[in-house]
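Me: I'd like to learn how to read a few features off a model. Can we start with the cysteines?

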Amino acid sequence: MVEKFVGTWKMISSENFDDYMKALGVGFATRQVGNRTKPNLIVTVDEQGIVCMKSQSTFKTTEIKFKLNEPFDETTADDRKTRTVVTLENGKLVQTQSWDGKETNIEREITEGKLVAKCIMGDVIAVRTYVKEA
């Protein structure tokens, strides 16, 4: 089921991301860079079922490797240290990050051939859309 996410995805739109970063507690300078960055998302799965998600841009490249349903420690692009778990729910890849008593979810799904990532923090939702590179 994770296989449909595999590939190199190029961001084509980002809506409400500044408000999402504010809700996370990201500072002004980092938000300015975050708003201008349009990263590629590279998803691979190895033969052991370990998923690698790499967010690659001229500003910063971050990478996480995980097995579904197994919690791991993550240092996010904005430098939060989180306890993260990724699950597969109704065809969506759901990444839950927990830190300092807070929690955010990033729901990724394939819709009409595009990868749509919904970043959810409380009642703030950002939507980032990617297309698959040839």
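Me: Why is Cys119 in no bond with the closest cysteine sulfur?

Reply: A disulfide is a pair of cysteine sulfur atoms within 2.5 Å. Here the closest cysteine sulfur to that of Cys119 is in Cys52, 18 Å away, so the pair is too far apart for a bond. By this rule the count is 0 disulfides. Bear in mind that this is a predicted model, where local features need pLDDT of at least 70, side-chain atom pairs count only at pLDDT 80 or more, and totals for chains, interfaces and linings use all residues. Residues are numbered from 1 along each chain as its sequence is written, and side-chain values use heavy atoms, leaving out hydrogens and water.

Me: Is Cys119 buried or exposed?

Reply: Go by relative accessible area: buried is under 20%, exposed over 50%, partly exposed in between (1.4 Å probe, protein chains only). Cys119 is buried at 5%, and Cys52 is buried too, at 11%.

Me: Which residues have the most contacts inside the largest nonpolar core?

Reply: Such a core is a set of buried Ala, Val, Leu, Ile, Met, Phe, Trp, Tyr and Cys residues joined through side-chain atoms within 4.5 Å. This one has 27 residues, and Tyr20, Val43, Met53, Phe66, Leu115 and Tyr130 have the most contacts inside it. Among the elements that each supply at least two of its residues are helix H1 (17-24) and strand S4 (61-66); helices (H or I, at least four residues) and strands (E, at least two) are DSSP runs, numbered from the N terminus.

Me: What does Phe66 touch?

Reply: Contact means heavy atoms within 4.5 Å. Leaving aside residues up to four places away in sequence, Phe66 touches Gly49, Ile50, Val51, Met53, Phe72 and Val86.
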